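Reader: Hello! I am new to this structure and would love a close look at one part of it. Could you walk me through its nonpolar core and what lies around that?

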Amino acid sequence: MTLQQEIVGNAMQMAVVNLLPGQTVYCEAGKFLFKTTNVTMETRLSGPNGGGQQQGGGGMGGMLRQAMGTAMQVGQRMLAGESLAFQYFSAQGGEGTVGFAGVLPGEMRALELNGTRAWFAEKDAFVAAESTVEFGIAFQGGRTGMSGGEGFILEKFTGHGTVIIAGAGNFIDLNPADFGGRIEVDTGCVVAFEEGIQYGVQRVGGLNRQGLMNAVFGGEGLSLATLEGNGRVILQSLTIESLANALKKAQGGDKQGPTGGLFSTHTG
């Protein structure tokens, strides 16, 4: 069954999901807004696959493997800075309604997975998904990803069904194949991309005069994200760092002046 959902609103969108009997949707803790009274809510540490093992099978050994699988999931999410728990919602005695939202002003998008291609998303992009969609953590970007900041640790969605993601500002959909096979973007602008797109992080210029000018005065730091291949890419027009700096400036706390880049006083 396809998840019946509608994304409403403008500057701060939310997803209103209509649950049919037998359907379950889960979200990251903190993304839930409202529900009808016939929708039950349950908080679990495990993902929708129950830690990678079938529920109730294999006796004591199966229970132990399931517990270890759940512990690995929780450990991965903790390493990635994600919520440790998920909230699950199911309708009882008829159809029900539940609402979700992201944490920043911006757009939301419903992605349909058919089992052939996974989707990858930036940290905190995940809002909610059907229980038939698996949530995981992926590490991409190579060694340079560690110095690239956002995007090295990604959310990964596999399986069948609907997954809802959110970002900041407005979305733009691109395919690197339409631009010679490769695009370079600010690391904070990547929201999500399909499996088959190669993600990486590269330095901005070389260790020369122009490279240092880009890093110090360009406002991008030392790295750019690279996206190569043929597939959908979703970018956002607002980065968390630029939003934080704008709020600091409005409060009189921005000390970075006109240079940006390495001279930024932003501490995360």
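Reader: Which residues of the largest nonpolar core touch the most other members?

Author: Happy to help! First, a word on the source: this is a predicted model, in which local features need pLDDT of at least 70 and side-chain atom pairs count only at pLDDT 80 or more, while totals for chains, interfaces and linings use all residues. Residues are numbered from 1 along each chain as its sequence is written, and side-chain values use heavy atoms, with hydrogens and water left out.

Now to your question. The largest nonpolar core has 22 residues, and Tyr26, Phe126, Phe157, Val163 and Ile165 touch the most other members. Such a core is a set of buried Ala, Val, Leu, Ile, Met, Phe, Trp, Tyr and Cys residues joined through side-chain atoms within 4.5 Å. Two or more residues come from each of β6 (86-91), β8, β9 (119-121), β10 (126-130), β11 (133-139), β12 and β15 (190-194). Strands are DSSP runs (E, at least two residues), as helices are (H or I, at least four), numbered from the N terminus. The largest share of the core, four residues, is given by β12. In soluble globular proteins, nonpolar side chains tend to be buried together.

Take Val163 as an example. Leaving aside neighbours within four places in sequence, Val163 is in contact with Arg109, Ala110, Leu111, Leu113, Phe126, Ala128, Ala129, Val133 and Phe157. Contact here means heavy atoms within 4.5 Å. There is also a second, separate core of 16 residues, with Leu3, Ala15, Val25 and Phe100 among them.

Next, look at Thr162, which is placed in strand β12 (residues 153-166). Thr162 counts as buried because its relative accessibility is 0%; the cut-offs are under 20% relative accessible area for buried, over 50% for exposed, and partly exposed in between (1.4 Å probe, protein chains only). Its side chain makes a polar contact of 2.9 Å with that of Glu112. A polar contact is a pair of N or O atoms within 3.5 Å; within protein, one must be able to donate a hydrogen and the other to accept it, and residues adjacent in sequence count only if both atoms are side-chain atoms. Beyond residues up to four places away in sequence, Thr162 touches several others, including Thr2, Leu3, Gln5, Ala128 and Val133.

Arg109, one of the contacts of Val163, leads us to the charged pairs. Arg109 forms a salt bridge with Asp173, the closest N and O atoms being 3.0 Å apart. This pair links distant parts of the chain, 64 residues apart: Asp173 is in strand β13 (residues 171-174) and Arg109 in strand β8 (residues 108-114). A salt bridge is a side-chain nitrogen of Lys or Arg within 4 Å of a carboxyl oxygen of Asp or Glu. Asp173 also meets Arg232 in a salt bridge (3.6 Å, N to O). Arg232 lies in the loop between β17 (223-228) and β18 (233-236), so this pair ties together parts 59 residues apart in sequence. Arg109, Asp173 and Arg232 are thus linked in a network of salt bridges. Arg109 counts as buried at 18% relative accessibility, whereas Asp173 is partly exposed at 38% and Arg232 is partly exposed at 36%. A search of the whole structure finds seven salt bridges.

Finally, a look at confidence. The protein averages a pLDDT (the predictor's confidence in each residue, from 0 to 100) of 80, and 69% of the residues score at least 70. Over residues 51-56 the pLDDT is below 50, and over residues 143-151 pLDDT stays under 50.
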